[in-house]
Amino acid sequence: VTQLLSSPERSGPGTLNYNQPSSSRGTPPVSILSIMGDADGLIPYEGGSSSVFSGDDSFQLMPTMDSMALWASHNGCTGSYQTSEHSSDMGDGTATKFDYTSGCPEGIYVEHYAIHGGGHGAGGAQVDGAKIDVLGFVAKVEGGGGGGPSPSPPTPSPPTSGCENDASWS
């Protein structure tokens, strides 16, 4: 889920239990593809409490667009976005794409699809007659950078001692 918590700041004592990205804690930029129904009864599009927290109202979700703005800011994007209107097979039959990418550093992509009237399963919606190409998004991110060149695979080194074939494994 790309929708962030507005509170509490942390879900636990561990270093990975912060509920928002922060470059001061070393969170690197990360491309985001968000697909949400704006009538989701489980993860409310406008933020607030959710039953996924078992009735603990101290956990409050940010509104989706605030979450997207925070992701964009964290990633070094300007925060401006372009909108485009689309058809959908869920909800009221319409969707809006919010694309922050033109204001982002090269190789960073931040995109959000709001499926109007869509519920919790809106991630599976068809937009303009086809499923949103999640694997294409991943390929674009991996091919476009997003944090520098990919590291070279490690070169295996021969064992130094104690290695022999075990005949029982054949």
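1. A residue counts as buried when its relative accessible area is under 20%. Cys77 has a relative accessibility of 9%, so Cys77 counts as buried. Cys104 is buried as well, with a relative accessible area of 12%. The structure discussed here is a predicted model, and the values below are computed from it.

2. How many disulfides does the structure hold? The number is 1. Its two halves are Cys77 and Cys104, whose sulfur atoms are 2.1 Å apart. Cys77 sits in the loop between α1 and β4, and Cys104 sits in the loop between β5 and β6, so the bond ties together parts that are 27 residues apart in sequence. The torsion about the S-S bond of this pair is about 100 degrees, so the disulfide is right-handed.

3. Now the sheet. Strands of a sheet pair through backbone hydrogen bonds, and the pairing can be parallel or antiparallel. In this model an open sheet of 4 strands follows the order β2-β6-β5-β4, and its pairing is mixed. β2 and β4 (82-87) stand at the edges with a single partner strand each, so one side of each is left without a neighbour in the sheet. On average, neighbouring strands of this sheet are turned by 15 degrees against each other, direction ignored.

4. Two of the pairings can be followed on the structure. β2 (residues 32-37) and β6 (residues 110-115) pair in the parallel sense over 6 bridges. To find this pairing, start at Ile32, whose bridge partner in β6 is Val110. On the β5 side, β6 runs antiparallel to β5 (residues 94-99), and 5 bridges join the two strands. Here Thr96 is a useful marker, with Ala114 as its bridge partner in β6.

5. Is edge strand β2 mostly covered or mostly uncovered? β2 is mostly covered, with 6 of its 6 residues buried. Ile32, Ser34 and Met36 point one way from the strand, while Leu33, Ile35 and Gly37 point the other way. Both groups are buried. An edge position in the sheet concerns strand neighbours, whereas burial is judged by relative accessible area; the two descriptions should be kept apart when reading the model.

6. Helix α1 (residues 64-74) lies across three strands of the sheet, namely β2, β5 and β6. The helix runs at about 170 degrees to β6.

7. The largest nonpolar core has 19 residues. Which of them touch the most other members? They are Cys77, Tyr100, Cys104 and Val110. Two or more residues are given to this core by each of β2, α1 and β6, and the largest share, 3 residues, comes from α1. Both disulfide cysteines, Cys77 and Cys104, are therefore among the members named for touching the most others in this core of buried residues. Leaving aside neighbours within four places in sequence, Cys104 is in contact with Cys77 and Val110. A second, separate core holds 12 residues, including Ile35, Ala122, Ala125 and Val127.

8. The last topic is charge. Side chains of opposite charge can pair when their charged atoms come close. The model has 3 salt bridges. One joins the side chains of Lys97 and Asp99, with an N to O distance of 3.9 Å. Another joins Lys97 to Glu111, also given as 3.9 Å from N to O. This second pair links distant parts of the chain, since Lys97 is in β5 and Glu111 is in β6, 14 residues apart. The cut-off for a salt bridge is within 4 Å, so a value of 3.9 Å counts.

9. Glu111 also meets Lys140 in a salt bridge, at 2.8 Å from N to O. Lys140 belongs to helix α2 (residues 134-144) and Glu111 to β6, so this pair links parts of the chain that are 29 residues apart. Taken together, Lys97, Asp99, Glu111 and Lys140 are linked in a network of salt bridges.

10. Are the charged residues of this network buried or exposed? Lys97 has a relative accessibility of 17% and so counts as buried. Glu111 is buried too, with a relative accessible area of 5%. Lys140 is partly exposed, at 32%.

Technical notes
Residues are numbered from 1 along each chain as its sequence is written. This is a predicted model: local features need pLDDT of at least 70, side-chain atom pairs count only at pLDDT 80 or more; totals for chains, interfaces and linings use all residues. Side-chain values use heavy atoms; hydrogens and water are left out. Buried means under 20% relative accessible area, exposed over 50%, partly exposed in between (1.4 Å probe, protein chains only). Two strands pair if DSSP finds at least two bridges between them. Axes are lines fitted to C-alpha atoms, for helices over the stretch in contact, and angles run from 0 to 180 degrees between N-to-C directions. Contact means heavy atoms within 4.5 Å. A disulfide is a pair of cysteine sulfur atoms within 2.5 Å. A nonpolar core is a set of buried Ala, Val, Leu, Ile, Met, Phe, Trp, Tyr and Cys residues joined through side-chain atoms within 4.5 Å.
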